[in-house]
Amino acid sequence: MNFNEYIIDQDDYEFFDSLPKDEKILFLYDLICDDIYGIGSINSIPEDNTQDLNEPIKNIKDELPEVVAKSINEFSKVNILVIDNNIILNSDSKKYINEVIHDMINDGCILSKYVLSKKSLLIFKQQKYCQAYSIIGKEAKICKN
């Protein structure tokens, strides 16, 4: 690349000369990009958005058991996995699961319990107890007074 090939008129040079030092490099970058990619271009290579949307879902389904297994810490009282607006709790103690749910409700989470299918339980149940909830909404904290 040869900077001598770039010719700018007097007005552009005066503008360039008035810029702070840290912005002069941006001016040159824009000048080169406009020359190479066209005026106002951001990227010369259009992104390929024709990806098959079913493929990533298949990959996620294949990798989900491994991801769930890696999310379990044997030394934690409760393991929490959040997927979208769903919470899946695993623990060796039902008491600890209930404490987490009560804390979430006291913090203003509106929860709805749902039952996992047998197929889902095979993936998500990693400890003695496994419960799943949907987060319906969030409100102000509940006052205990």
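Let's start with Cys130, which is buried at a relative accessible area of 16%; buried here is under 20%, exposed over 50%, partly exposed in between, with a 1.4 Å probe and protein chains only. Cys109 is buried too, at 15%. And how many disulfides does the structure hold? Zero, taking a disulfide as a pair of cysteine sulfur atoms within 2.5 Å.

Quick caveat: this is a predicted model, where local features need pLDDT of at least 70, side-chain atom pairs count only at pLDDT 80 or more, and totals for chains, interfaces and linings use all residues. Numbering runs from 1 along each chain as its sequence is written, and side-chain values use heavy atoms, leaving out hydrogens and water.

Okay, the cores. By nonpolar core I mean buried Ala, Val, Leu, Ile, Met, Phe, Trp, Tyr and Cys residues joined through side-chain atoms within 4.5 Å. The largest has ten residues, including Cys109, Leu111 and Tyr133. Strand E2 (86-91), helix H4 (94-106) and strand E3 (109-114) each supply at least two of its residues, and H4 gives the most, with four. Those are DSSP runs numbered from the N terminus: helices H or I, at least four residues; strands E, at least two.

Apart from that core lies another, of seven residues, and Cys130 is among them, as are Leu81, Ile88 and Phe124.

Now, confidence: pLDDT is the predictor's own, per residue, from 0 to 100. The chain mean is 77, with 74% of residues at 70 or more. Among the elements, H4 has the highest mean, 91, and helix H3 (residues 54-71) the lowest, 67. Where pLDDT is low, the predicted coordinates shouldn't be read in detail.
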